[in-house]
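Biologist: Hi, can you walk me through this one? I'd like to start with how the strands fit together.

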Amino acid sequence: MTKAIYLDMDGTIADLYSVDNWLKKLRAEDATPYIQARPLVKLSALARRLNTLQRKGYTIGIISWGSKHATAEYDKAVEKAKNFWLNKHLPSVKFDEIHIVPYGTPKSTVAREKNGYLFDDEENNRAEWGINAFDVVNMLDILGELE
């Protein structure tokens, strides 16, 4: 088993879907909802778990999609916004990999560690990833078991 953990952002650790008018803003190529999203998990607990696992040799990464039907310019704005969110909300975590990729990109194709764990709210992403993919439900407990 490869010692790697990858997290999705939207719907997994960031509550994009609770931002007022998020869909209208995304369709207008406004990246602010990605900055305004509230955390979906207790980030202090998540950071502690990720930092502990990283010290034990785990690769820690983010694999998150850009917005659907985005231009290349908007994909860059979304990547910048998501990196801002990570730096603001998880400043103590020094991610080994951050992949903000075009919408629909199979996540297994961008991870450097192919047999790691993926936490993602989208069932299709978990199915594409395989056996080591989990929903956000119980994420902190599962990470705790890996410690």
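Modeller: Sure, and one term comes up right away: two strands count as paired if DSSP finds at least two bridges between them. Keep in mind that this is a predicted model.

Biologist: Okay, so which residue is the bridge partner of G61 in β5?

Modeller: E97 is the partner of G61 there. Altogether, five bridges join β4 to β5, and the two strands run parallel.

Biologist: What does the chain go through on its way from β4 to β5?

Modeller: The chain passes through α4 between those two strands, and this β-α-β crossover is right-handed.

Biologist: What's another bridge partner pair in β4 and β5?

Modeller: W65 stands opposite V101 in β5.

Biologist: And what's the strand order in the sheet?

Modeller: The order is β5-β4-β1-β6-β7, an open sheet of five strands with parallel pairing. β5 and β7 (133-134) are the edge strands, and each pairs on one side only.

Biologist: How many bridges does β1 have with β4, and how many with β6?

Modeller: β1 and β4 pair over four bridges, in the parallel sense. Three bridges join β1 to β6, and those two run parallel as well.

Biologist: Which residues stand opposite I5 in β4 and β6?

Modeller: In β4, I5 faces I60. In β6, I5 stands opposite Y117. One place earlier on the β1 side, A4 stands opposite T59 in β4.

Biologist: Is β4 mostly covered or mostly open?

Modeller: β4 is mostly covered, with seven of its seven residues buried. T59, G61, I63 and W65 point one way from the strand, while I60, I62 and S64 point the other way.

Biologist: Why do they switch sides like that?

Modeller: In a regular strand, side chains alternate between the two faces of the sheet. β1 gives another example: A4 and Y6 point one way, I5 and L7 the other, and all are buried.

Biologist: What about β5, since it's an edge strand? Why is it described as largely enclosed?

Modeller: Four of the five residues of β5 (residues 97-101) are buried, so the strand is largely enclosed by the rest of the structure.

Biologist: Let's switch to the core. How many residues does the largest nonpolar core have?

Modeller: The largest nonpolar core has 28 residues, and those with the most contacts inside it are I5, L7, I13, L46, L90 and L143. β1 (4-7), α3 (43-55), β4 (59-65), α4 (72-89), β6 (117-119) and α6 (139-146) each supply at least two of its residues. The largest share, five residues, comes from α3.

Biologist: Why would nonpolar side chains end up together?

Modeller: In soluble globular proteins, nonpolar side chains tend to be buried together.

Biologist: I5 keeps turning up. What does I5 touch?

Modeller: Not counting residues up to four places away in sequence, I5 touches L50, L53, Y58, T59, I60, G61, Y117, F119, L143 and L146. Apart from the largest core lies another one, of ten residues, among them Y6, I63, V101 and W129.

Biologist: Now a polar one. Where is N51, and is N51 buried or exposed?

Modeller: N51 is in helix α3. With a relative accessibility of 16%, N51 counts as buried, because the cut-off for buried is under 20%. Leaving aside neighbours within four places in sequence, N51 is in contact with S92 and V93.

Biologist: And R126, buried or exposed?

Modeller: R126 counts as buried, at 17% relative accessibility. R126 lies in helix α5 (residues 123-129). Beyond neighbours within four places in sequence, R126 is in contact with D120, D121, A133, F134 and D135.

Biologist: What about loops? Where is V110?

Modeller: V110 is in the loop between β5 and β6. Apart from neighbours within four places in sequence, V110 is in contact with I63, E97, H99, V101 and T105.

Biologist: Last topic: what volume does the largest pocket have?

Modeller: The largest pocket has a volume of about 430 Å³. Of the 22 residues that line this pocket, the closest to its centre are W22, L26, S67, K68 and Y103.

Biologist: Which helix gives the most to that lining?

Modeller: Helix α1 (residues 22-27) does, with four residues.

Technical notes
Residues numbered from 1 in each chain as written. Predicted model: local features only at pLDDT ≥ 70, side-chain atom pairs only at ≥ 80, totals over all residues. Heavy atoms only, no water. Core = buried A, V, L, I, M, F, W, Y, C linked by side-chain atoms within 4.5 Å. Buried < 20%, exposed > 50% of the residue type's maximum accessible area, 1.4 Å probe, protein only. Contact = heavy atoms within 4.5 Å. Right-handed = clockwise from strand over helix to strand, strands pointing away. 1 Å grid on protein atoms, 1.4 Å probe; cavity = no way out; pocket = protein on both sides within 12 Å on 5 of 7 lines; lining within 4 Å. Points joined across faces, edges and corners; volume = space filled by probe spheres on them.
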